[in-house]
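Subject: Structure for you to look over

Dear colleague,

I am passing on the structure we spoke about, and I would be glad if you could open it beside this message while you read.

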Amino acid sequence: MSGLWKLYQTKNTPYLDIKPSFSGRTVIVTGSNTGVGFEAAIKFVALDAKRVVLGVRSVAKGEDARSRIEERTGRQDVVEVWQLDMLDYDSIQAFARRADTQLESLDVAVLNAGVMFASAEQSAYGWEKTLQVNVISTALLGLLLLPKLKMSRMSGSARPVLELVGSNLHTRITGLDDPLDGRLLKHYSACFSRSQYSISKLFMEYINIGLADRAKSEVTGKPDVLVLSVSPGLCRSDLGRAYNTWYSWPAMWAFQTLFQRSAEEGARMYVSGTLVGVEGQGGFWHEGRLKEPAPLVAGEEGKVLQRRVWKEVMDALEGYVSGH
Ligand SMILES: NC(=O)c1ccc[n+]([C@@H]2O[C@H](COP(=O)([O-])OP(=O)(O)OC[C@H]3O[C@@H](n4cnc5c(N)ncnc54)[C@H](OP(=O)(O)O)[C@@H]3O)[C@@H](O)[C@H]2O)c1
């Protein structure tokens, strides 16, 4: 009961809607045709960004989102719709290449596209799809966009930002299985459970730390790019679509009404996350503050797990990204 009361209180304490200027800056938001990503894209446009790229798997849905963003913000010729399917490495590579060649600079990239499946399905690469999208493909896109973000820093703009979208649910995972061959990604890809989404977001935190490390300048050791994981908190979106059956609809409706913030309120965290200083490098931005590392991210055990999962993901991506 106290958990539900806490959720109710959280829902009724919205984050501050801060409004920094993104004038002159170019922003990418993936998975931005709906939900929190869509609301975040609206914010970046309304806050004067020069270009906002919607990375979407359906261009038709993206075009529809573009019209709605233009209508709501009154700004034309800012939003672009680019195809991106996080289940297809060719599409991810093409997207990153396009960013490299067609964008003058890249100042903020929000890797928001994410999924929560109700049952196990395999991707074309043999991984369970929640892990494929939320972890492996997010790592690939982050790695491929990092050089462009770094270059944008060198061309004199403010420190560019790479946001991964995390979830506080990752903090609830307090123990992992110990597979015989030691391969965690392979093990959790084969053993789908109700915790799959939370586990994917834990593994994504390990990717966040790995990318944060690679974002450091080789000369100064300081971050050229701010890399962090931001959480929108519990909010209304299409994320639970796989669980949306007609018989669960009344319960879902009651839960959403009582306990979930709006997607717009969630998107406020993506904006405030861009202002976190270097102390946030590789950290988790939640409820307007940098949260203490989760049990399986903290300490020596966290370091060991991070290295293991990072290596497994890099092995999985071998041949798709160079220079890691
Ligand atoms: N809502 C919450 O309470 C909550 C809490 C914590 C974290 N999050 C995280 O916030 C992020 C946004 O989720 P949301 O709540 O806004 O959910 P959502 O409404 O379901 O939006 C997810 C977005 O990701 C896109 N996407 C899914 N699979 C994709 C793929 N293979 N390739 C490209 N795009 C893909 C979806 O596109 P389609 O519409 O084409 O499927 C959609 O645009 C996710 O990373 C989620 O894990 C959400």
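Below is what was found, taken helix by helix and then at the surface.

This is a predicted model, in which local features need pLDDT of at least 70 and side-chain atom pairs count only at pLDDT 80 or more, while totals for chains, interfaces and linings use all residues. Residues are numbered from 1 along each chain as its sequence is written, and side-chain values use heavy atoms, with hydrogens and water left out.

I begin with helix α2 (residues 35-46), where helices (H or I, at least four residues) and strands (E, at least two) are DSSP runs numbered from the N terminus. Helix α2 has 12 residues and reaches 17 Å from its first C-alpha to its last, close to the 16 Å expected at 1.5 Å a residue, the expected span being 1.5 Å times one less than the number of residues. Of those 12 residues 11 are buried, so α2 is largely enclosed by the rest of the structure; buried here means under 20% relative accessible area, exposed over 50%, and partly exposed in between (1.4 Å probe, protein chains only). The cover over the buried residues of α2 includes β1 (26-30), β2 (51-56), α3 (59-73), β3 (79-83), β4 and α9 (263-273), and α2 is followed by Asp 48, whose phi is positive, near 80°.

The largest nonpolar core has 56 residues, and among those with the most contacts inside it are Leu 211 and Val 313; such a core is a set of buried Ala, Val, Leu, Ile, Met, Phe, Trp, Tyr and Cys residues joined through side-chain atoms within 4.5 Å. Its largest share, 11 residues, comes from α5. A second, separate core of 36 residues includes Val 36, Phe 38, Ile 42 and Val 45.

Helix α7 is also largely enclosed by the rest of the structure, because 16 of its 19 residues are buried. In helix α10 (residues 299-316), the end C-alpha atoms are 26 Å apart, which agrees with the 26 Å that its 18 residues should span.

Lys 129, found in helix α5, may be worth a look, as this lysine is buried, with a relative accessible area of 17%. Leaving out residues up to four places away in sequence, Lys 129 touches Leu 87, Val 115, Phe 117, Glu 121, Gln 122 and Ser 123, where contact means heavy atoms within 4.5 Å.

Finally, Phe 255 sits in helix α8 (residues 249-259) and is partly exposed, with a relative accessible area of 31%.

With best wishes
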